[in-house]
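Trainee: Please take a close look at one part of this model, the aromatic pairs, and set it in the context of the whole chain.

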Amino acid sequence: MKNFVVIMAILFVSLAHTVVQIDLNTASLEEIKSLPISDEQAEDVYYYRYYIDFFSSIYDLRNIESIDQETLLRLKPLIKISHYTDLDETAQRRDEIAYLIERLGSSEGFQEGISDVWEDYLTSSRNINNLTFSEILNLPNTSPLDAAAVMTRIAAGDSISSFRDLRQSQGISYYGASNIRHYVHYQEQDQPQDLYMDYQFKLVDNGYPEDAREMLRESMIRTDSDEQPRIKNKSYWGYFGMENDRISVLNKFRLRYLKDWKAGMMFHSNLGERTLFNSNFDNFIDNGKYYLGYEKQFDLLGQNFIKVYAGHYRATFGEGLVMENTDFWSPRSTGYGFNKRITGIIGDLSRTQEYALRGIAMDWKRNNFNAVFFVSSDKKDAVVYDSNQDGDIGDDDALLSYITLTRRFTNHELESAETFFNNYDNNLNTVGIAPRLDAFEETIIGGHLEYSPLIGTHLGLTAYEATYDRDFIVPEIDELKALLIPDDEYAAEKWKITSNEISALYSTKSIKNDSTVYDRNYRRVYGFDWRTVLGNTSFQGEYAELEVDGKIFKLGDDPKALIISSYTQFENLYLISMYRDYDLDFDNPYARTFSESERYDDTVFESLTYALNNTLLTDMYLNAGQSSAEKGIYFETRYQFHNKITLTRAYLDVWERKSDSRRGIRFEAKLEFRPLHQLRLRPRYKYQLKRAEDDQDRNRSQTDEFEMSFLVYLSNFDKINFGYVYAQVLQPPYLSILSDPAQPGGSDMAQAQTLTHGNMIYVDYTHNFNSNLKVNGNFSFWKCHGASIWDFEDVELDFEQTDRGYKYWFALHSRIANNIFFSIKFKYKEFITRDLEFRLFNEIPEEGEYYFPRVENKETSLRLQLDWKF
């Protein structure tokens, strides 16, 4: 650590004597403010360039009233003026597409597929004067206040004729205007070409994530012998020989004719599954994604805009409480910035499989009214259990829940593996619950109505009904425990109150005390959302209910969920405030909203893989898309309080988990200090407290994490970043008695607090060979004594918790031609696990009996991506 500080100090001193000139024709407002001039002078320079003209020489600064000769002489050695030519729109959009592909095109999860929509806006921009409020809001990094500023000006009859004109709109932020500019034009213009097509190929050689590997390798053979069977195929991993499952492949093709017609198809083969080139037509229809869309804007008794999509589509409304169909969950998703949701109907070529909608959707906007209607019919995977107790998991058994599988084994493969495990000699575990592909038919009918009496204000109603051809039945608690954990001792000892999230699942048929409470074949969810813009603040929220046994027109008598938020925007500050409250039994499979954790966190699905009747049930947690039932309040801000110091992001979340009333606190702050233009010092601190209400609860933990990074900007937009991370986790005393409690006079005092910690050093770099070729990468080394550290890699996330290790990766991004983009990423990782020794309670084992030595691991991964647009 001392050596690291010394190196950083030397680096800082050396850079202090280096001057990097700022180009006034390309510098941002923040960069200009870093010069030795007042904020008012910096803004005058910046606005002169945007509203009047680019600089042709340094002496053009004298055309600015606030810049005198003394200021000019002071700035002269610190600035430069490059030859600047305004790029045509095509070139600007091409650059923006390249950025989108690098930033979002390779992303996976919650934001997947959204880049397709933004690419369409780039390649066939629309007249900003004809856009609706929601269309402007759906653009990246655009706030409700920016959208309201644009719409208010247009409604007043003052059309926008240029970017400088857009920037002068009252109430719009600099960031909002800058993000809008590449996606719109300002006068009617001819379409550059009639037909657009693009193809994406992505290959990932990475293997299964660590948590999924552990689940698949867990033994399905349980015996009463102390010596567990040592056979190769005692787990799903061994039975199917999954060590060679490393490659996943995605092929995606889209086309657009004029601005009206859109079509696309996508086939994603996950690890161990058939690829597009060895699949038949039926397999493509069942497991591929495809759509045909028509979008048209026309005048008929006012401005109308209509969308019609057939095939796979994505439907999102309000804050995501009633409907947002994606397989993926994202923590603390506020809906702003690049983490925003696109509301309405769009074509869906994402990797979403379980919660995909396939059918027909229509979206009609007219003046201040919006109506959406959608229908979907598709088969879904589910967890099925032997409800009729005939010793077989069949079509006449009940369903427990939807499930998104890590590896979609065929039903024949699953049944053959279960037969093998059940028939193994002395196996005490008989599989009575298991996932099944296409286990039931789901038919959804839904809609959304929205009325906007004022610009920036709306009230919306959303509802859907999903009907099923099989029953969802959640057993009563004792039966549920025995079903999931056959071992009675484990069930009694290990079942946590947090597993209430499992017993709170929705049932279409409820039976209590051998009598039927209700029996139906559907699930209904409905709610309303709202937004209003007042001054520089936007207020929004959504309320939803899951119909169980209440009345449809009476609020609060069914499981419910509520989220309310506000967004306040100034030029150098934003503030997000949010309140959420989701009932434990609000089991809406299509709800995707703000939360700290996903559903089933800390339940038996997460922590008891080894004791579950079927280890594949851990996928219920690993791939959960729904939010956990929580109640809490959240604040987030960014504030530039000095031209050299910016609080880039800070948030505080205080919440309660509904399943066990556990209270948590999470705080994180990131600061950027810029002593020189080319140097950024970025400290970060994170604090998290779980089980805040009880100091002595074993589940209590306090996490502190500190990071300091030194970012250096070099010539040609190259940069290098040095960083250090330290994390520690403090837990309360272990209350189990360790000092001979069976002996008379044995101590019953708690022994000690537990402190685990870890640290990591890293170097990130970016080198631009030219405007079309760049490489970025990282080298990091860590040593963790029980703690864990999250590490962001390019567009991916890695988790370091082993004893010690190192890794390096690099990603090459190339624009081979104006319409061909290629990237490749390679990673090598080497680490050593901790050596562990276990013993039975108060028993001294024979030497080495339960000893697990250190294990050296080496991992490599490769990602290839090709985007061809023509």
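**Aromatic pairs and their setting**

Mentor: Phenylalanine 409 has a relative accessibility of 2%, under the 20% limit, and therefore counts as buried. The model is a predicted one. A pair of aromatic rings is described by how far apart the centres lie and by the angle of the planes. Searching the whole structure gives 37 aromatic pairs. In one of them, phenylalanine 240 and phenylalanine 409 have ring centres 4.5 Å apart and planes at 25 degrees, so this pair is stacked; the cut-off for stacking is under 30 degrees. Phenylalanine 240 belongs to helix α12 (residues 236–240), while phenylalanine 409 sits in the loop between β13 (399–402) and α14 (411–423). The pair thus links distant parts of the chain, 169 residues apart.

A further stacked pair is made by phenylalanine 317 and phenylalanine 374, with 6.1 Å from centre to centre and 20 degrees between the planes. Phenylalanine 317 is in the loop between β9 and β10 and phenylalanine 374 is in strand β12 (residues 369–385), so parts 57 residues apart in sequence are tied together by this pair. Both partners are buried: phenylalanine 317 counts as such at 3% relative accessibility, and phenylalanine 374 at 0%.

Aromatic residues also form a cluster, made up of Tyr355, Tyr402, Phe440, Tyr464, Tyr468, Phe472 and Tyr590.

As for the chain around these rings, there are 19 helices and 36 strands. Of the 870 residues in the protein chain, 51% are buried. Among contacts between residues at least 6 apart in sequence, 65% join residues at least 24 apart. The accessible surface of the chain is about 40000 Å², and carbon and sulfur atoms account for 54% of that area.

The interior also holds empty space. Eleven cavities of 30 Å³ or more are present in the structure, and the largest has a volume of about 200 Å³. Its lining comprises 21 residues, of which Val117, Lys262, Glu295, Lys307 and Ile346 are the closest to the centre. Elements that give two or more residues to this lining are α6 (114–123), α7 (133–137), β8 (289–299), β9 (303–316) and β10 (344–347). Helix α6 supplies the largest share, four residues. Sorted by class, the lining of the largest cavity has nine charged, eight nonpolar and four polar residues. Strands β9 and β10 thus appear in both parts of this account: they contribute to the lining of the largest cavity, and the loop between them carries phenylalanine 317.

Notes
Residues numbered from 1 in each chain as written. Predicted model: local features only at pLDDT ≥ 70, side-chain atom pairs only at ≥ 80, totals over all residues. Heavy atoms only, no water. 1 Å grid on protein atoms, 1.4 Å probe; cavity = no way out; pocket = protein on both sides within 12 Å on 5 of 7 lines; lining within 4 Å. Points joined across faces, edges and corners; volume = space filled by probe spheres on them. Nonpolar A, V, L, I, M, F, W, Y, C, P; charged D, E, K, R; others polar. Buried < 20%, exposed > 50% of the residue type's maximum accessible area, 1.4 Å probe, protein only. Contact = heavy atoms within 4.5 Å. Areas by Shrake-Rupley, 256 points an atom, 1.4 Å probe, with all protein chains shown as cover. Phe/Tyr/Trp six-rings, centres within 6.5 Å; stacked < 30°, edge-to-face > 60°.
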